[in-house]
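Dear colleague,

I am passing on the structure we spoke about, and below it you will find my notes on what was found. Please have the sequence and the model open side by side as you read.

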Amino acid sequence: MRIIDEVKDAKTIAISGHIRPDGDCVGSVMGLYLYLQKELPGAQIDVYLEKPSAIFDCISHIGDIKTKCPADKVYDVYFALDCNDERLGDALPLYEKAGKKVNIDHHVSNTGCGDINIIEPQRSSTSELLYELLDPDRIDEEIAKAIYIGIIHDTGVFKYSNTSPRTLQVAAELIRFGFDFPALIEKTFYEKTYVQTQIMGRAVLESVRFMEEQCIVSMVSRRMMEFYQVEPKDLDGIVNQLQVVSGVECAIFMYETGTLEYKVSMRSAGKVDVAAIAVKFGGGGHVRAAGCTMNGTYHDNINNLSIEIAEQLKNYV
Ligand code: AMP
Ligand code: MN
Ligand code: MN
């Protein structure tokens, strides 16, 4: 499938990604947006997404993103990237009404929510998958940059096991465009504000290991977020920091989103399929990185997750 074949006759096109957009979501959505703007100068193309973190301001035309969805518009073609319809947030009614729905994603838990579904779980990122659907001769430096950002974020800068030989080939083709990729990696992936570093330090300090030190968990409450004046997007990276502790098979990080409600992130060193666990609690993701929202107290949630983790680790004793 080529993207262009799906939109040739479209006059109006919309693109969305998931709530709490991460680098892959922002990169793929903006990469596709910039590409379609170039290919279809006569079409109306809109992007609906929650406001991305300021680290992504380096992406061309990021300011075109609309955060408010109109109630009644019907688009000829609607792209849902890096998620299924359950995570489209406010854009869901618009997506459902569209003439043609195209779902492009790499989450193993996504069963496809479009008229056309391109779901490839072996892909490192939706951005890598998107690259394969574009005409390489029509990609320019700004499109390449957006896609590259998506790939580095979902692979942890080519470190996670989802990085394939093809991922690195795509990255090689992208850096040929000449953008300053070391600066992009530093500014969008590694650099943290002082408070982001402080709250990460606090979460690490207060972490607890359990199940013979194979699991580690930590939590950030709403009160802590108010104290440090941080938003959920400032908590990115905490779960990965917990995961690097030697001997840890499974890292869990939660932050409070409401009364007895937590957003849960899980990471696995390989033995535990965290996507399967997240799906049981209404979420999803990948085998080694997944998430869900859980209701209940922090300790109840840990207990409920532990039962599932223990069940899986039983196969290894
Ligand atoms: P996170 O820990 O939120 O960074 O998520 C890890 C991976 O799981 C990412 O690929 C997310 O897109 C995915 N994920 C997180 N939460 C959910 C959810 N509720 N449903 C489906 N996928 C999710
Ligand atoms: Mn994502
Ligand atoms: Mn992704």
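Two strands are taken to pair if DSSP finds at least two bridges between them, and that rule is needed for the first part of what follows. Please keep in mind throughout that this is a predicted model.

I begin with the strands. Strand S1, which covers residues 12–16, is joined to strand S2 by five bridges, and the two run parallel; within this pairing, Ile13 stands opposite Ile45 in S2. Strand S2 itself spans residues 44–48 and is mostly covered, with four of its five residues buried. Together with helix H2 (residues 23–39), S1 and S2 make a β-α-β unit that is right-handed.

S1 also pairs with strand S3, again in the parallel sense, and here there are four bridges. Ile13 appears once more, since its bridge partner in S3 is Val77. S3 in turn pairs with strand S4 (residues 100–105) in the parallel sense over five bridges, and in that pairing Tyr78 stands opposite Lys101 in S4. A right-handed β-α-β unit is found here too, made by S3, helix H3 (residues 92–97) and S4.

Which way do the residues of S3 point? In a regular strand the side chains alternate between the two faces of the sheet. In S3, Val77, Phe79 and Leu81 point one way while Tyr78 and Ala80 point the other way, and all of them are buried. The strand, residues 77–81, is accordingly described as mostly covered, with five of its five residues buried.

Turning to the aromatic residues, the count comes to ten aromatic pairs. One of them is formed by Phe227 and Tyr228, whose rings are 5.0 Å apart centre to centre with 90° between the planes, an edge-to-face arrangement. Is Phe227 buried or exposed? At 62% relative accessibility it counts as exposed, because the cut-off for that word is over 50%. Tyr228, by contrast, has a relative accessible area of 13% and is therefore buried, the limit being under 20%. Elsewhere, Tyr48, Tyr75, Tyr78 and Tyr95 form one aromatic cluster, and Lys73 lies over the face of Tyr75, at 5.1 Å from the ring centre.

Among the helices, H5 (residues 141–155) may be a useful one to look at in some detail. H5 has 15 residues and reaches 21 Å from its first C-alpha to its last, which is close to the 21 Å expected at 1.5 Å a residue. Of its 15 residues 13 are buried, so H5 is largely enclosed by the rest of the structure. At the N-terminal end, H5 is capped by Asp140, which has a side-chain oxygen 3.1 Å from the backbone nitrogen of Glu142. Just after H5, Gly156 takes a positive phi of about 60°.

Finally, there is a residue in helix H11 (residues 274–280) that you may wish to find, namely Ala276. With a relative accessibility of 32%, Ala276 counts as partly exposed. Ala276 and Ala290 are 14 residues apart in sequence, and their C-alpha atoms are 8.6 Å apart in space.

With best wishes

Terms used:
Residues are numbered from 1 along each chain as its sequence is written. Chains are lettered from A and ligands numbered from 1 in the order in which they are written. This is a predicted model: local features need pLDDT of at least 70, side-chain atom pairs count only at pLDDT 80 or more; totals for chains, interfaces and linings use all residues. Side-chain values use heavy atoms; hydrogens and water are left out. Buried means under 20% relative accessible area, exposed over 50%, partly exposed in between (1.4 Å probe, protein chains only). A crossover is right-handed if, with the strands pointing away from the viewer, the path from the first strand over the helix to the second runs clockwise. The expected span of a helix is 1.5 Å times one less than its number of residues. A polar contact is a pair of N or O atoms within 3.5 Å; within protein, one must be able to donate a hydrogen and the other to accept it, and residues adjacent in sequence count only if both atoms are side-chain atoms. Rings of Phe, Tyr and Trp (its six-membered ring) pair if their centres lie within 6.5 Å; planes under 30 degrees apart count as stacked, over 60 as edge-to-face and the rest as tilted. A charge sits over a ring if NZ of Lys or CZ of Arg is within 6 Å of the ring centre and within 35 degrees of the ring normal.
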